[in-house]
Amino acid sequence: MTRALLRFVKHSIRHEPAGGVTYEAFCTAPGCEAQSGPQDVQETAQDWALGHTGLNPGHDLFRRVFTDHARVTRTE
C-alpha cells in the first residue's frame, strides 16, 4: 500500500511590472475585422481606433484588450 502526504500551500498572483503591458483595439462593426495589433503604448492603440473611425464612418465601437504579465509566489 502506498500513502501520500499532501500539503496545501497558499500562493498569490500579482502584476509583474518587468513583463510590461500590451494594448490592443478591435473594431466591432459588422463584417470589419480591423485591429490595431499589439501595442506597447496605450495611446498608440487609441490613436489607431480614432483613425479607423475617421476613415470608416460608423465604425465607432471597439473592444479594447489590456494584457499584463503576472507572477505567482508562495505566501508562506
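His-59 lies in the loop between H1 and E3 of this predicted model. With a relative accessible area of 18%, His-59 is buried, because the cut-off for that label is under 20%. Apart from residues within four places in sequence, the contacts of His-59 are Cys-27, Ala-29, Cys-32, His-52 and Thr-53. One of these partners, Cys-27, is 32 residues away along the chain, yet the C-alpha atoms of His-59 and Cys-27 are separated by 6.8 Å.

Two cysteines appear in that contact list, namely Cys-27 and Cys-32. How many disulfides does a search of the whole structure find? The result is zero. Cys-27 is in no disulfide, and the nearest cysteine sulfur to its own belongs to Cys-32, 3.7 Å away. Cys-32 is likewise in no disulfide, and its nearest cysteine sulfur is that of Cys-27. The two sulfur atoms would have to be within 2.5 Å to count as a disulfide, and 3.7 Å does not meet that limit. Cys-27 is buried at 6% relative accessibility, and Cys-32 is buried at 17%.

The accessibility values of five residues are set out below.

| Residue | Relative accessible area | Label |
|---|---|---|
| Cys-27 | 6% | buried |
| Ser-36 | 12% | buried |
| Cys-32 | 17% | buried |
| His-59 | 18% | buried |
| Thr-67 | 35% | partly exposed |

Ser-36 sits in another loop, the one between E2 and H1. Its relative accessible area of 12% makes Ser-36 buried, since the label applies under 20%. Which residues does Ser-36 touch, not counting those up to four places away in sequence? They are Tyr-23, Glu-24, Ala-25, Ala-45 and Trp-48.

Strand E2 covers residues 21–27 and is mostly covered, with five of its seven residues buried. E2 and E3 run antiparallel and are joined by seven bridges. In one of the pairings, Ala-25 has Arg-64 in E3 as its bridge partner.

Strand E3 spans residues 62–68 and includes Thr-67. Is Thr-67 buried, partly exposed or exposed? Thr-67 counts as partly exposed because its relative accessibility is 35%, and that label covers values between 20% and 50%. Leaving out neighbours within four places in sequence, Thr-67 is in contact with Gly-20, Val-21 and Thr-22. Phe-26 is 41 residues from Thr-67 along the chain, and the C-alpha atoms of these two residues are separated by 14 Å.

The largest pocket has a volume of about 160 Å³. Which elements each supply at least two residues of its lining? They are E2, helix H1 (42–55) and E3. H1 gives the most to this lining, with six residues. The lining includes Tyr-23, Glu-24 and Ala-25, along with Gln-42, Ala-45, Gln-46, Ala-49, Leu-50 and Thr-53. Phe-62, Arg-64 and Phe-66 are also among the lining residues. By type, the lining divides into seven nonpolar, three polar and two charged residues.

Several of these lining residues have already been named. Tyr-23, Glu-24, Ala-25 and Ala-45 line the largest pocket, and they are also among the residues touched by Ser-36. Thr-53 is another lining residue, and Thr-53 is in contact with His-59. The bridge partners Ala-25 and Arg-64 are both in the lining as well.

How values were computed:
Residues numbered from 1 in each chain as written. Predicted model: local features only at pLDDT ≥ 70, side-chain atom pairs only at ≥ 80, totals over all residues. Heavy atoms only, no water. Helix = DSSP H or I, 4+ residues; strand = E, 2+ residues; numbered from the N terminus. Buried < 20%, exposed > 50% of the residue type's maximum accessible area, 1.4 Å probe, protein only. Contact = heavy atoms within 4.5 Å. Pairing = 2+ DSSP bridges. 1 Å grid on protein atoms, 1.4 Å probe; cavity = no way out; pocket = protein on both sides within 12 Å on 5 of 7 lines; lining within 4 Å. Points joined across faces, edges and corners; volume = space filled by probe spheres on them. Nonpolar A, V, L, I, M, F, W, Y, C, P; charged D, E, K, R; others polar.
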